[in-house]
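This briefing was prepared for a reader who wishes to go through a protein model by topic. Please consult the sequence and the structure shown below alongside the text.

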Amino acid sequence: TYLGGTGDDVAGLGLAIDAAGNIHMAGITASPNFPTTSNAPQPTYGGGSTICSPGLICGDGFVTKFSLDGSTLNFSTFLGGSSDDGAIGVAQDTSGNDYVVGVTGSLNFPTTPGAFQTTCNFCDGQTHAFITKLAIPFPTASLSPLSVNFGNQIVGITSPPTPVTLTNSGTDNLLISSIVDANGFAQTNNCP
């Protein structure tokens, strides 16, 4: 799949695959219209150069999350301030958080209260390193009960229904394309 906007976009500088098989990617974009998602912490372009010279950081960093087959953009955000910034590495912990490293020349790069260094020391046109933790939304599906036992049943006679509950305790929508039972049991559901 393509990924980008009307400016220069450099992807694949950082790449990680989570336990569910989603692709997490960090990169650099000079596209003010780079695709972002509704759950992005920074949905708009922070600023910086709009044309990238080879080998130089320009525009903003970005972090995206794709389905493994590349057909669904699950998460995408800009990461940067008003000068040039670049996300160049990404790793993930077992809770689904992305840790992004890169460089910034922005005095207003987004930091959080209580961070080790919330202001840029000696920012005189030089770039500085950053590390950012992003809580990337993800679905977590669970069934209750995990198995169902209908006991002895006469062929051709319908057993009493047994409810099974599917719960999404994650932080993102769980997309269900179909419910299939290979054993021939009938089912009804009220999934929206």
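The points below cover the overall fold, the nonpolar cores, two paired strands, selected loop residues and the aromatic rings.

The model is a predicted one. The protein has 192 residues, 31% of which count as buried. Its secondary structure consists of nine strands and zero helices.

**Overall architecture**

- Read from the N terminus, the order of elements is β-β-β-β-β-β-β-β-β.
- When contacts between residues at least 6 apart in sequence are considered, 60% of them join residues at least 24 apart.
- The protein exposes an accessible surface of about 12000 Å², and carbon and sulfur atoms account for 56% of that surface.

**Nonpolar cores**

- In soluble globular proteins, nonpolar side chains tend to be buried together.
- The largest nonpolar core of this model comprises twelve residues: Ala-16, Ala-26, Val-63, Phe-75, Leu-79, Ala-87, Val-90, Val-100, Phe-109, Phe-130, Leu-134 and Ile-136.
- Two or more residues of this core come from each of β4 (73-79), β5 (85-92) and β7 (128-135).
- Another core, of eleven residues, lies apart from the largest one and includes Met-25, Ile-28, Cys-58 and Phe-78.
- Leu-134, a member of the largest core, is in contact with Pro-41, Val-63, Thr-77, Gly-96, Asn-97, Asp-98 and Val-100, if neighbours within four places in sequence are left aside.

**Strands β3 and β4**

- β3 and β4 pair in the antiparallel sense, and six bridges connect them.
- Val-63 has Thr-77 of β4 as its bridge partner; Val-63 and Thr-77 also both appear among the contacts of Leu-134.
- Six residues lie between the strands of the β3 and β4 hairpin, in which Gly-70 adopts a positive phi near 75°.
- β4 is mostly covered, with five of its seven residues buried.

**Thr-37 and its surroundings**

- Thr-37 is located in the loop between β2 (23-29) and β3 (60-66).
- Is Thr-37 buried or exposed? Its relative accessible area is 15%, so Thr-37 is buried, the cut-off for that class being under 20%.
- The side chain of Thr-37 comes to 3.0 Å from the backbone nitrogen of Ser-76.
- With neighbours within four places in sequence set aside, Thr-37 is in contact with Leu-73, Asn-74, Phe-75 and Ser-76; of these, Phe-75 belongs to the largest nonpolar core.

**Other loop positions**

- Ala-20 occupies the loop between β1 (9-17) and β2.
- Ala-20 counts as exposed because its relative accessibility is 66%, and the exposed class begins over 50%.
- A distance of 8.9 Å separates the C-alpha atoms of Ala-20 and Ser-67, which are 47 residues apart along the chain.
- Most residues other than glycine have a negative phi, and most peptide bonds are trans.
- The peptide bond from Ser-144 to Pro-145 is cis, and its omega is near -5°.
- Pro-145 is placed in the loop between β8 (141-144) and β9 (165-168).

**Aromatic rings**

- How many aromatic pairs does the structure hold? There are four.
- One aromatic cluster is formed by Phe-34, Tyr-45, Phe-62 and Phe-78.
- Phe-78 of this aromatic cluster is also one of the residues of the eleven-residue core.

Technical notes:
Residues are numbered from 1 along each chain as its sequence is written. This is a predicted model: local features need pLDDT of at least 70, side-chain atom pairs count only at pLDDT 80 or more; totals for chains, interfaces and linings use all residues. Side-chain values use heavy atoms; hydrogens and water are left out. A nonpolar core is a set of buried Ala, Val, Leu, Ile, Met, Phe, Trp, Tyr and Cys residues joined through side-chain atoms within 4.5 Å. Buried means under 20% relative accessible area, exposed over 50%, partly exposed in between (1.4 Å probe, protein chains only). Helices (H or I, at least four residues) and strands (E, at least two) are DSSP runs, numbered from the N terminus. Contact means heavy atoms within 4.5 Å. A polar contact is a pair of N or O atoms within 3.5 Å; within protein, one must be able to donate a hydrogen and the other to accept it, and residues adjacent in sequence count only if both atoms are side-chain atoms. Rings of Phe, Tyr and Trp (its six-membered ring) pair if their centres lie within 6.5 Å; planes under 30 degrees apart count as stacked, over 60 as edge-to-face and the rest as tilted. Accessible areas come from the Shrake-Rupley method with a 1.4 Å probe; for residues, only the protein chains shown count as cover. Two strands pair if DSSP finds at least two bridges between them.
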